[in-house]
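The following exercises are meant for a reader who meets this structure for the first time. Each task is followed by a solution that proceeds step by step.

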Amino acid sequence: MMKLFRMFGRSIRDAFKSVIRNFSLSIASISCISITLIIVAASIIASSNVNNFTTLIEKDVTIVAFMNRDTNKEGLKTFETELSKIKNVASVKYKSKEESKEMMKESDLFASTMGEWSEKDNPLRDSYLIKVKDIEKIKATAASIKNLENVEVVDYGEGMVEKLVSAFSLIEKISVLLVLVLIIVTVFLIVNTIKLTIFSRQREISIMRVVGASNFSIKTPFVIEGMVIGALGSIVPIIVIIYGYLALYNHFEGQLFSPLIKLIKPTPFIYQTSIAVLLIGIVVGMIGSSKAVRKYLKV
């Protein structure tokens, strides 16, 4: 066990020495990682925010069920009981016609007219604001509510909601696919960049093989070197993520175009994204080095 620890310690030391000794090639690899990780980070941020937009819109979409004017308290209770049996219903809020009147009175346009309405004269209807669990089933849920007793009208912005959710869902899938493609491209670029570094050290690998070094002991320093290069290459992207996203969030005051389309709050999002980018850089660097050196270890 101690021998293994000593070997890893020596490999880490040799990896750092190698990065410094092959400085120009190391800089090329680090630059390649930095550029691709900045693009990956931008895609992760875009994908996460699109997912956030979709979630917020889904939470905000409400089915409004307007009751018949002659519905009494017993009828309202019956409706609530039947409504609770619909599986896709997440929450229900009752709004009386008096509450609706008071809300509309806050507008100067209706204040004088509504001020003269008595409870009997009030033409508005009692209503229920209903949130759903799965927005993709909202049409079927609205149809089920419409079929309940004492319901006059059901409204949820039919047509527009489905189109909006469909558009966001498509954008979300495309952005996730883009992130995966970019990570694969990053691995490919880094493998080929690190190959240049290792190609220039074929003699060093050959000497290690001649003196009887095992494939594992030859490969380990290169893999750790790839890990170091990956970590160094993620520094610039992390700085761009932290300061760039903060600037973006502050510039747009936390939202895009509408209060509905809110950006994710910087904390802890920027730190979670930074950790993800660091891990991608380290893993990709290790994979790149491992694949590049494997060619020279074949007998």
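**Exercise 1. A ring pair within one helix**

Tyr245 and Tyr249 both belong to helix α10, where 4 residues, about one turn of the helix, separate them. The model is a predicted one. Task: determine how the rings of Tyr245 and Tyr249 are arranged, and state whether Tyr245 is buried or exposed.

Solution.
- Step 1. A pair of aromatic rings is described by two quantities, the distance of the centres and the angle of the planes.
- Step 2. For Tyr245 and Tyr249 the ring centres are 6.4 Å apart and the planes stand at 40°.
- Step 3. Planes under 30 degrees apart would count as stacked and planes over 60 as edge-to-face, so that the rest are tilted. The pair of Tyr245 and Tyr249 is therefore tilted.
- Step 4. A residue is buried if its relative accessible area is under 20%. Tyr245, at 2%, counts as buried, and Tyr249, with 18%, is buried as well.

**Exercise 2. A ring pair between a helix and a strand**

Task: the whole structure holds 4 aromatic pairs; describe the one formed by Phe79 and Tyr128, and say which parts of the chain this pair ties together.

Solution.
- Step 1. The ring centres of Phe79 and Tyr128 lie 4.8 Å apart with the planes at 45°, so this pair is tilted.
- Step 2. Phe79 is part of helix α3 (residues 73-83), while Tyr128 is part of strand β3 (residues 127-132); the pair therefore ties together parts that are 49 residues apart in sequence.
- Step 3. Phe79 and Tyr128 are both buried.
- Step 4. Tyr94 joins the picture too, since ring pairs link Phe79, Tyr94 and Tyr128 into a cluster.

**Exercise 3. Pairing of the strands**

Task: establish in which sense β1 and β3 pair, and which residue of β3 is the bridge partner of Val64.

Solution.
- Step 1. Strand β1 (residues 63-67) pairs with β3 in the antiparallel sense, over 4 bridges.
- Step 2. Within β3, Leu129 is the bridge partner of Val64, and Ser127 stands opposite Phe66.
- Step 3. β3 also pairs with strand β2 (residues 89-95), again antiparallel and over 6 bridges. Here Lys95 stands opposite Ser127.
- Step 4. β1 has a further antiparallel pairing, with β4, over 4 bridges. In that pairing Asp155 of β4 stands opposite Val64.
- Step 5. As for cover, 4 of the 5 residues of β1 are buried.

**Exercise 4. Backbone exceptions**

Task: state where Asn150 lies, where Glu253 is placed, and which two residues a cis peptide bond joins.

Solution.
- Step 1. The general rule is that most residues other than glycine have a negative phi and that most peptide bonds are trans.
- Step 2. Asn150 is not a glycine, yet has a positive phi of about 75°. Asn150 is located in the loop between α6 (138-146) and β4 (151-155).
- Step 3. Glu253, also not a glycine, has a positive phi near 55°. The loop between α10 (235-251) and β5 (255-256) contains Glu253.
- Step 4. With a relative accessible area of 70%, Glu253 is exposed.
- Step 5. Thr267 and Pro268 are joined by a cis peptide bond with omega about 5°. Pro268 belongs to helix α11 (residues 266-294).

**Exercise 5. The surface**

Task: identify the partner of Lys85 in a salt bridge, and name the residues that form a nonpolar patch on the surface.

Solution.
- Step 1. Side chains of opposite charge can pair when their charged atoms come close.
- Step 2. The structure contains 1 salt bridge. In it Lys85 is joined to Glu82, with the closest N and O atoms 3.4 Å apart.
- Step 3. Lys85 is exposed at 56% relative accessible area, whereas Glu82, at 33%, is partly exposed.
- Step 4. The nonpolar patch consists of Leu177, Val181, Val185, Phe188 and Leu189, which together have about 440 Å² of accessible area.
- Step 5. Leu177 is placed in helix α7 (residues 160-199) and counts as exposed at 52% relative accessibility.

Methods:
Residues are numbered from 1 along each chain as its sequence is written. This is a predicted model: local features need pLDDT of at least 70, side-chain atom pairs count only at pLDDT 80 or more; totals for chains, interfaces and linings use all residues. Side-chain values use heavy atoms; hydrogens and water are left out. Helices (H or I, at least four residues) and strands (E, at least two) are DSSP runs, numbered from the N terminus. Buried means under 20% relative accessible area, exposed over 50%, partly exposed in between (1.4 Å probe, protein chains only). Patches are made of residues with over 30% relative accessible area and no salt bridge: like charges are joined within 9 Å, nonpolar side chains (Val, Leu, Ile, Met, Phe, Trp, Tyr) within 5 Å. Accessible areas come from the Shrake-Rupley method with a 1.4 Å probe; for residues, only the protein chains shown count as cover. A salt bridge is a side-chain nitrogen of Lys or Arg within 4 Å of a carboxyl oxygen of Asp or Glu. Rings of Phe, Tyr and Trp (its six-membered ring) pair if their centres lie within 6.5 Å; planes under 30 degrees apart count as stacked, over 60 as edge-to-face and the rest as tilted. Two strands pair if DSSP finds at least two bridges between them.
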